[in-house]
Amino acid sequence: MIQDKLAVYKHFIKGVGQALALSRLYSFDHPMLKAKAKEVFGEIINFISDNGTLVFSESPEATLLVNGEELKSEDSLMARFIQNFRNLKIGSIDLMPQLTFDEFCVFIDLLNNAD
């Protein structure tokens, strides 16, 4: 069961990482970025609708905690997300079922400008 959760969390991180990469190239009005962001947003909303929340937290070991489960960077997409999230210095963020697409886009924009 835990492996299934970790796979889902990694999928979310990679999806957000892909949106981050695209947002460095295109504005949010661009069809490619908009489609990817909507895809990832939809998956996250479906998850939090069933599970109540999705919490991203910093870990002292330079990893990321997702709903309390430790995720280590496996590729450049995950590494970018983890580093940008840590650069925000917010500790943690809870994504709740009321999250809107515009708020999700702001989150991606913040991650991109975390430096």
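Which residue just after α3 takes a positive phi? In this predicted model, the residue is Lys89, with a phi of about 55 degrees. The legends below start with that helix.

**Figure 1. Helix α3 and its two ends.**
Helix α3 covers residues 76-88, which makes 13 residues. At 1.5 Å a residue, a helix of 13 residues should span 18 Å, and the end C-alpha atoms of α3 are 18 Å apart, so the model agrees with the expected span. Asp75 caps the N-terminal end of α3. A side-chain oxygen of Asp75 lies 3.1 Å from the backbone nitrogen of Leu77. Just after the helix comes Lys89, with its positive phi. Within α3, the buried residues include Met78, Phe81 and Ile82. Asn84 and Phe85 are also buried.

**Figure 2. The largest nonpolar core.**
The largest nonpolar core of the model holds 30 residues. Ile44, Leu54, Phe56 and Phe81 have the most contacts inside this core. Two or more residues come from each of the helices α1 (2-25), α2 (31-51), α3 and α4 (101-112), and from each of the strands β1 (54-58) and β2 (64-66). Helix α1 gives the most, with 8 residues.

**Figure 3. The surroundings of Phe81.**
Phe81 is one of the buried residues of α3. Leaving aside residues up to four places away in sequence, Phe81 touches Ile13, Val16 and Leu20, among others. The list of its contacts also includes Phe56, Leu64, Phe107 and Leu111. Phe56 is, like Phe81, among the residues with the most contacts inside the largest nonpolar core.

**Figure 4. The salt bridge between Lys10 and Glu74.**
The model has 5 salt bridges, and one of them joins Lys10 to Glu74. The closest N and O atoms of this pair are 2.5 Å apart. Lys10 belongs to helix α1, while Glu74 sits in the loop between β3 (69-71) and α3. The pair links distant parts of the chain, 64 residues apart. Glu74 counts as partly exposed because its relative accessibility is 48%.

**Figure 5. Lys36 and Glu39 in helix α2.**
Lys36 lies in helix α2 and forms a salt bridge with Glu39, with 3.2 Å between the closest N and O atoms. The two residues are 3 apart in the helix, so about one helical turn separates them. Is Lys36 buried or exposed? Lys36 is buried, because its relative accessible area of 15% falls under the 20% limit. Glu39 has a relative accessible area of 40% and is therefore partly exposed. Apart from residues up to four places away in sequence, Lys36 touches Gly15, Gln18, Ala19 and Leu22.

**Figure 6. The salt bridge between Glu58 and Arg86, and a network.**
The side chains of Glu58 and Arg86 meet in a salt bridge, at 3.7 Å from N to O. Glu58 is in strand β1 and Arg86 is in helix α3, so the bridge ties together parts that are 28 residues apart in sequence. Glu58 has a relative accessible area of 26% and is partly exposed. Arg86, at 23%, is partly exposed as well. Elsewhere, Lys10, Lys14, Glu74 and Asp75 are joined into one network by salt bridges that share partners. In this network, Asp75 is the residue that caps the N-terminal end of α3.

Key:
Residues numbered from 1 in each chain as written. Predicted model: local features only at pLDDT ≥ 70, side-chain atom pairs only at ≥ 80, totals over all residues. Heavy atoms only, no water. Helix = DSSP H or I, 4+ residues; strand = E, 2+ residues; numbered from the N terminus. Expected span 1.5 Å × (residues − 1). Buried < 20%, exposed > 50% of the residue type's maximum accessible area, 1.4 Å probe, protein only. Polar contact = N/O pair within 3.5 Å; in protein donor to acceptor, adjacent residues only side chain to side chain. Core = buried A, V, L, I, M, F, W, Y, C linked by side-chain atoms within 4.5 Å. Contact = heavy atoms within 4.5 Å. Salt bridge = Lys/Arg side-chain N within 4 Å of Asp/Glu carboxyl O.
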